[in-house]
Amino acid sequence: MELSDLAVFDGNLISCDDRIGLVYKIENNYKDVIPWIFLTDGPGNVTKGLKAEWMTIKDDHLWVGGLGKEWTTTDGIFVNYHPMYVKRIGHNGDIQHIDWIDNFKKLRSALGIEWPGYMIHEAVQWSDVHKKWFFMPRRASHEPYTEATDEFAGTDLLLIADENFNHVEVKHIGSKGTGYRGFAAFSFIPGSSDNLIAAIKSEEKDGIPVASYLTVFRLSDGHVLLDEEPLKGAHKFEGIAFI
């Protein structure tokens with residue numbers, strides 16, 4: 001399995017698998033990973049599992065999403081829009097497949113990026129305090145997707161959208177650096193009125209994890225309180241949750 005995020009939902013610690021689309025409950029002091037539901041890709045009428053990358057809680061439901069870009073070949077040739085659907089999951093495991101194609105395109109447009117340019121999402125949260133969506137893209141490029149160039153497309157971006165994606169605000173957090181590092185996860189720090197954010201940036205080279213870094217910043221003015229502190233080991237950490 002490749003677990004891609006963490007969330008606390010309905011009293012359970014939840015994670016999702018970006019290889020086969022399973023959502024798990026993590027139980028017994030983190031010793032057991034129990035399959036809960038299976039998420040199919042796109043509109044839900046295909047056999048392929050969702051490449052699940054992020055989770056958040058909104059309206060008492062668990063929302064799970066993927067890359068948020070068109071599925072392409074390794075050379076950037078369009079295949080389908082399936083990664084631009086999101087899943088809305090109830091407490092009993094009921095699933096709604098929601099078309100977010102236009103929403104993801106609006107996020108790109110806020111940066112002047114249009115197809116075949118792209119943006120890849122692994123870090124998304126809804127804030128009940130602000131009543132807004134928050135996105136920290138892992139990759140963004142005005143150029144077509146290729147495996148060779150994608151590893152250099154890491155961002156320093158924070159995108160904030162209202163509930164209906166009618167307005168998107170763009171912020172820059174920290175340093176973009178060489179572009180190897182991109183946001184893999186973030187979470188609002190409890191007790192901060194959703195003004196403090198802890199985020200993980202990860203770094204890969206030739207598809208192999210190299211390192212992960214923790215950063216903490218203040219949303220109100222973008223001030224960085226902890227500047228990309230390296231986490232121990234050559235690992236790609238992809239989830240962060242406060243329990």
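**Pockets and nonpolar core of the predicted model**

The second largest pocket (an open set of points on a 1 Å grid over the protein atoms alone, where a 1.4 Å probe fits, with protein on both sides within 12 Å along at least five of seven lines) holds about 360 Å³ of space. Of its 18 lining residues (those with an atom within 4 Å of a point), Val8, Thr56, Ile57, Gln125 and Ser187 are the closest to its centre. Strands S1 (3–9), S5 (54–58), S12 (124–127) and S17 (181–188) each contribute at least two residues to this lining; strands are DSSP runs (E, at least two residues), as are helices (H or I, at least four). The lining comprises twelve nonpolar, four polar and two charged residues.

The model is predicted: local features need pLDDT of at least 70, side-chain atom pairs count only at pLDDT 80 or more, and totals for chains, interfaces and linings use all residues. Residues are numbered from 1 along each chain as its sequence is written, and side-chain values use heavy atoms, with hydrogens and water left out.

The largest pocket holds about 790 Å³. Its lining has 29 residues, of which Lys51, Tyr145, Glu147, Asp150 and Glu204 are the closest to the centre. Helix H2 (147–150) is among the elements that supply at least two lining residues, and its three residues form the largest share. By class, the lining has 17 charged, eight nonpolar and four polar residues.

The largest nonpolar core (buried residues, under 20% relative accessible area with a 1.4 Å probe, joined through side-chain atoms within 4.5 Å) has 21 residues. Trp100 and Trp133 are among those with the most contacts inside it.

Key: Grid points are joined across faces, edges and corners, and a volume is the space filled by probe spheres set on the points. Ala, Val, Leu, Ile, Met, Phe, Trp, Tyr, Cys and Pro count as nonpolar, Asp, Glu, Lys and Arg as charged, and the others, Gly among them, as polar. Buried means under 20% relative accessible area, exposed over 50%, partly exposed in between (1.4 Å probe, protein chains only).
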